[in-house]
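Student: I would like a careful look at one part of this model, with the terms explained as they come up.

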Amino acid sequence: MKKLLLSILLGVLLSQMQGVFAHAVITDYSLKLTPIHANKPDQVELSFNSKIELGLSQVFLVRKGDKHDLLQITNGNKQGQIIIHIPALEIGDYALRFKVFAADGHLTEDIIRFKVSQ
């Protein structure tokens, strides 16, 4: 009986610890399948494993010369999905640098590089 109680207690403690180490991890993004074409505004979808606090999150377009432009972001149709609104861009190399806060308050920062083609 004592072993059973200890096992249950350990299981409860371990299940509670998962939330302590949670972060918003990117699970998918639309640039994998859909490239951005030159001179046309577009959007990029990022999907995370947890809900994102949009008001505390930022996404920057990084241009040649390390120039950062803050981009508009909105919630997607699914939980953990955000839509990034991309302005019309010239052909070249770019990156999206994002800082997102998960609903539990953890910060995640990453960068996604991409090319704009014809």
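Student: Read along the sequence, what pattern does the protein chain follow? Please then look closely at the aromatic pairs, and at which parts of the chain they link.

Tutor: The model is predicted, so local features are reported at pLDDT of at least 70 and side-chain atom pairs at pLDDT 80 or more, while totals for chains, interfaces and linings use all residues. Residues are numbered from 1 along each chain as its sequence is written, and side-chain values use heavy atoms, with hydrogens and water left out.

Read along the sequence, the pattern is α-β-β-β-β-β-β-β-β-β, that is, one helix and nine strands; these are DSSP runs numbered from the N terminus, helices being H or I of at least four residues and strands E of at least two.

Against that background, a search of the whole structure finds two aromatic pairs. Rings of Phe, Tyr and Trp (its six-membered ring) pair if their centres lie within 6.5 Å, and planes under 30 degrees apart count as stacked, over 60 as edge-to-face and the rest as tilted. The rings of phenylalanine 48 and phenylalanine 98 have their centres 5.7 Å apart and their planes at 80°, so this pair is edge-to-face. Phenylalanine 48 belongs to strand 3 (residues 42–48) and phenylalanine 98 to strand 8 (residues 92–101), so that the pair links distant parts of the chain, 50 residues apart. Both phenylalanine 48 and phenylalanine 98 are buried, a word that here means under 20% relative accessible area, with exposed meaning over 50% and partly exposed lying in between (1.4 Å probe, protein chains only).

The rings of tyrosine 94 and phenylalanine 114 have planes at 25° and centres 5.9 Å apart, so this pair is stacked. Because tyrosine 94 lies in strand 8 and phenylalanine 114 in strand 9 (residues 107–117), the pair ties together parts that are 20 residues apart in sequence. Tyrosine 94 is buried, with a relative accessible area of 10%, and phenylalanine 114, at 8% relative accessibility, also counts as buried.

Strand 3, which carries phenylalanine 48, is also part of an open sheet of four strands with the order 1-3-7-6 and antiparallel pairing; two strands pair if DSSP finds at least two bridges between them. The edge strands of this sheet are strand 1 (26–29) and strand 6 (73–75), each pairing on one side only. Between strand 3 and strand 7 (residues 81–86), the antiparallel pairing runs over six bridges, and serine 47 stands opposite glutamine 81 in strand 7.
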